[in-house]
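Here is a walk through one protein chain, picking out a helix and a handful of single residues worth a look. Keep the viewer open as you read.

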Amino acid sequence: MRKPFVAGNWKMYKTVREAVELIDEIQPKIEELSGVETVFCVPFTCLSAVAEKLKNSKIGVGTQNVHWETQGAFTGEISPLMVKEFGKYAIIGHSERRSFFGETDESVNMRLQAALNNDLVAIVCVGESLDQNENGKTEEVITRQMKIAFTNIPKSQLKNVVIAYEPIWAIGTGLACDPLKANEIIKYSIRKPLIEMYGEDVAKEVRVLYGGSVKGSNAKEYFLQPDIDGALVGGASLKPEFIEIVRAAA
Ligand code: PGA
């Protein structure tokens, strides 16, 4: 059984004060819900305050990136050891990291290896652009992203992996991918390469999320799909609406 998983990606939003206000408002309502793993991936500056707030909570804390070294001269980066001081999750390979900060399939692989070797739970993002989608390249692009991201990742570490399918054209646009279509893409471009790399038994335990304009009003349609186990939520995770999404998953 794959436990539903909902992660909020706060991106570059919220000061510490705003973060604490949101947590105070939504934490009690999320705590009432069971059967779902919920995580906030917050800006570095909010990690300490959010982790402190959630220290006796079942809600997890994570970052939106993590470096492949545990320390070193890497200005602006965060190491897996530093993440672990506050939380146990890290998003890796978000399309905004890929398009604005030069993240590649290879660097995603390096970050993933480091995250898993340091016992973090990695939320690995894959997804196609509008152009790739319109030119029938979705399966090819995502399969390649998957194969490179998981190079040298052993079967034994897959239990700490969550994958998010995020079509780039659906992120922050309000143009959510059709749930049936998202399920099909996950099945053929994410689960199929996982089965090829790791075998059916291991692959079927990996949780796969959908991300891209998930809202309180449409979340349930995704969670009803057999291959979708939850959501990676941007905009709607910044407001109380996030509770509705966690409730739909629970
Ligand atoms: P969105 O972002 O929910 O605002 O579309 C999703 C994401 O970037 O993870």
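## Tyrosine 210 and its surroundings

Tyrosine 210 counts as buried, at 0% relative accessibility. Bear in mind that this is a predicted model. The residue sits in strand β7, and β7 covers residues 207-211.

What does the side chain of tyrosine 210 reach? One partner is the backbone nitrogen of cysteine 177, at 2.9 Å. Another is the backbone oxygen of glycine 212, at 2.7 Å. Leaving aside neighbours within four places in sequence, tyrosine 210 is in contact with Tyr165, Pro167, Ala170, Ala176, Cys177, Ala182, Tyr222, Ile228, Gly230, Ala231 and Leu232. Take glycine 230 from that list: it is 20 residues from tyrosine 210 in sequence, and the two C-alpha atoms are 6.5 Å apart in space.

## Helix α8

Ala182, one of the contacts of tyrosine 210, belongs to the buried set of α8. That helix runs over residues 179-198. At its start, a side-chain oxygen of aspartate 178 comes to within 3.2 Å of the backbone nitrogen of leucine 180. Further along, α8 has a kink of about 30° at arginine 191, shortly before proline 193. Just after the helix, glycine 199 has a positive phi of about 90°.

Which residues of α8 are buried? They are Pro179, Ala182, Asn183, Ile185, Ile186, Ser189, Ile190, Arg191, Pro193, Leu194 and Tyr198. So both the kink residue, arginine 191, and the proline that follows shortly after, proline 193, are in the buried set under the cut-off of under 20% relative accessible area. The elements that cover these buried residues include the strands β5 (121-126), β6 (161-165) and β7 (207-211), along with the helices α7 (138-149), α9 (200-203) and α10 (219-223).

## How α7 meets α8

Two packed helices are described by the angle between their axes and the distance between the axes. For α7 and α8, the axes come within 9 Å and cross at roughly 35°. The crossing is right-handed. By class, the contact of α7 with α8 has 8 nonpolar, 3 polar and 4 charged residues.

On the α7 side you'll find Thr138, Glu139, Ile142, Thr143, Met146 and Lys147. Facing them in α8 are Ile185, Tyr188, Ser189, Ile190, Lys192, Pro193, Leu194, Glu196 and Met197. Ile185, Ser189, Ile190, Pro193 and Leu194 turn up here and also among the buried residues of α8.

## Single residues elsewhere

Here are some further residues, with where they sit and how much of each is accessible.

| Residue | Location | Relative accessible area |
|---|---|---|
| Histidine 94 | loop between β4 (89-92) and α4 (95-100) | 4%, buried |
| Asparagine 109 | helix α5 | 9%, buried |
| Lysine 11 | loop between β1 (5-9) and α1 (16-31) | 18%, buried |
| Phenylalanine 86 | loop between α3 (80-84) and β4 | 33%, partly exposed |
| Aspartate 119 | loop between α5 (105-117) and β5 | 52%, exposed |

Start with histidine 94. Leaving out neighbours within four places in sequence, histidine 94 is in contact with Asn9, Lys11, Cys125, Glu166 and Ile171. Lys11 in that list has its own quirk: the phi of lysine 11 is near 50°, a positive value in a residue other than glycine. Aspartate 119 is another such case, with phi near 65°.

Why does lysine 11 count as buried, although it lies in a loop? Because its relative accessibility is 18%, and the cut-off for buried is under 20%. Aspartate 119 counts as exposed because its 52% is over the 50% cut-off.

Asparagine 109 has a polar side-chain atom 3.3 Å from the backbone oxygen of isoleucine 148. Not counting residues up to four places away in sequence, asparagine 109 touches Ile148, Ala149, Phe150, Thr151 and Ile153.

That leaves phenylalanine 86, which falls between the two cut-offs at 33% and is therefore partly exposed. Setting aside neighbours within four places in sequence, phenylalanine 86 is in contact with Leu47, Ser48, Ala51 and Val61. Its C-alpha and that of alanine 51 are separated by 5.7 Å, though the two residues are 35 apart along the chain.

Key
Residues are numbered from 1 along each chain as its sequence is written. This is a predicted model: local features need pLDDT of at least 70, side-chain atom pairs count only at pLDDT 80 or more; totals for chains, interfaces and linings use all residues. Side-chain values use heavy atoms; hydrogens and water are left out. The bend at a residue is the angle between axes fitted to the seven residues ending there and the seven starting there. Helices (H or I, at least four residues) and strands (E, at least two) are DSSP runs, numbered from the N terminus. Buried means under 20% relative accessible area, exposed over 50%, partly exposed in between (1.4 Å probe, protein chains only). Contact means heavy atoms within 4.5 Å. A polar contact is a pair of N or O atoms within 3.5 Å; within protein, one must be able to donate a hydrogen and the other to accept it, and residues adjacent in sequence count only if both atoms are side-chain atoms. Axes are lines fitted to C-alpha atoms, for helices over the stretch in contact, and angles run from 0 to 180 degrees between N-to-C directions. A crossing is left-handed if the near helix is turned anticlockwise from the far one by less than a right angle, and right-handed if clockwise. Ala, Val, Leu, Ile, Met, Phe, Trp, Tyr, Cys and Pro count as nonpolar, Asp, Glu, Lys and Arg as charged, and the others, Gly among them, as polar.
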